[in-house]
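These are my notebook entries on a single structure. I set down each point in the order in which I looked it up.

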Amino acid sequence: MPRFSVRWMVALVLIVVVGGAFIFCEYLIYFPAILKCAWPKISHARGGEGIDDRPMDSAVRAMVLSDTHLLGAVGGHWFDKLRREWQMERAFQTALWLLRPEIVFILGDIFDEGKWSNQKHWEDDVRRFHRMFRHSTDIELVVLVGNHDIGFHYEMDWFKLQRFEKVFNASSTRIVTRKGVNFLLVNSVALHGDGCPICQSVEKELTKLSRDLNCSQADRVCSAPQHYPLYRVSDAGCTGLDAAPPEERHLLFREKYDVLSKEASQKLLQWFKPRLILSGHTHSGCEVLHDNKYPEISVPSFSWRNRNNPSFILASVSPSSYALSKCFMPEESTVIGVYSSAGACLLLLFLAHCLWMKGLLQCLSLCLLGKHKSL
């Protein structure tokens, strides 16, 4: 075979292996993962006064994710930032295209450095967020504030809070209603209970909303999305593929840092009696039942930087019941494995090519040497 033909064949195999691995890992891998997911049937619902016999199209289809932690200019390496944001963008856009939610909740810690970023860095972070989580006008995106967005209680101030609220058209406490379902959004960073001005404002608004909602049984809150989990001792009772690692589950949580205080947690439960609480912050999945009747779902981080197996929640919610399912993203170890296998194949191909060329040269040398001797 002519040498140029061998080179073209090697180049073709190289393109196929490298291109195939890249297209699969960066685009196609999200499709088989998300195609396994489906909206839960409301007939399997829980948390209501019975089985809801409404058709599925009358239920709200809500997608819930948390802790995206877009890396900032100070602590974020450019390649790490590029890699994680691309992964989240492809996962989110693929999920929107395949699942078509009506509303998407992101439960805080949108940014990793929002609590200390200057205006220039803040605007750059916001621009990247809007590019990654772009969506059509028929999908509502609801963003909650987290401690990395405005700082922990001792770090937050009106400037950082209002900067966040202005960008995301949000407020510390509000009700979002879709198809008769109420979602109570809470700035849990401000539930410190020490009488700080922001805390007083949030608690005053929560008290008012509690009175308004209790005026009518039909106005009962369905879901209470927030960033901090309600008080629990640890993750010892949490299980599942996205729970905290076994060696971390028995670590005690700190009130007002890892979880809300006992007092703030009880206030929220007494004020609103929610049928479902959704929270983030811990980066791990967990399901807890408070007072034997108030279920809370902790949603893991959506970033591969925080987990090897990010996931999000799909919720079908009607005014009287709800159903949940969990959707897992591709594991980053799978992506690394595919690229490693492709690299190994290329190395073997290169070695085989070198050996073949060396053997060919030896044959040609022997042939020429034989002809020389016969002469």
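**Entry 1: K273.** I looked up the exposure of K273 in this predicted model. K273 has a relative accessibility of 43% and therefore counts as partly exposed, since that class lies between under 20% for buried and over 50% for exposed. I then located K273 in the chain: the residue sits in the loop between α8 (262–272) and β7 (276–279). Its backbone also caught my attention, for phi of K273 is near 45°, a positive value in a residue other than glycine.

**Entry 2: H283.** I noted a positive phi at H283 as well, with a value near 70°, and this residue too is not glycine. H283 belongs to the loop between β7 and β8 (286–290).

**Entry 3: the sheet.** I traced an open sheet of five strands and wrote down its order as β3-β2-β1-β10-β11, with mixed pairing. Which strands form the edges of this sheet? They are β3 (140–143) and β11 (322–328), each of which pairs on one side only. Neighbouring strands of the sheet are turned by 20° against each other on average, direction ignored.

I then examined one pair of strands in detail. Strand β1 (residues 60–65) and strand β10 (residues 311–317) run antiparallel, and five bridges join them. Within this pairing, I found V64 opposite I313 in β10.

**Entry 4: a helix on the sheet.** I followed helix α3 (residues 78–99) and found that it lies across β1, β2 (103–106) and β10. The helix runs at about 165° to β1.

**Entry 5: the largest pocket.** I recorded about 380 Å³ of space in the largest pocket. Its lining comprises 20 residues, and those nearest the centre are E248, F253, D258, H281 and T282. How do the lining residues divide by class? I noted seven nonpolar, seven polar and six charged residues.

**Entry 6: the cavities.** I searched the whole structure for enclosed spaces, and three cavities of 30 Å³ or more were found. The largest cavity holds about 90 Å³ of space. Among the residues that line this cavity are V143, F164, E165, R174 and N187. Which elements each supply at least two residues of the lining? I identified α6 (158–168) and β5 (181–186). By class, I listed seven nonpolar, three polar and two charged residues in the lining of the largest cavity.

Definitions and conventions:
Residues are numbered from 1 along each chain as its sequence is written. This is a predicted model: local features need pLDDT of at least 70, side-chain atom pairs count only at pLDDT 80 or more; totals for chains, interfaces and linings use all residues. Side-chain values use heavy atoms; hydrogens and water are left out. On a 1 Å grid over the protein atoms alone, a cavity is a set of points where a 1.4 Å probe fits but cannot get out, and a pocket is an open set with protein on both sides within 12 Å along at least five of seven lines; lining residues have an atom within 4 Å of a point. Grid points are joined across faces, edges and corners, and a volume is the space filled by probe spheres set on the points. Ala, Val, Leu, Ile, Met, Phe, Trp, Tyr, Cys and Pro count as nonpolar, Asp, Glu, Lys and Arg as charged, and the others, Gly among them, as polar. Helices (H or I, at least four residues) and strands (E, at least two) are DSSP runs, numbered from the N terminus. Two strands pair if DSSP finds at least two bridges between them. Axes are lines fitted to C-alpha atoms, for helices over the stretch in contact, and angles run from 0 to 180 degrees between N-to-C directions. Contact means heavy atoms within 4.5 Å. Buried means under 20% relative accessible area, exposed over 50%, partly exposed in between (1.4 Å probe, protein chains only).
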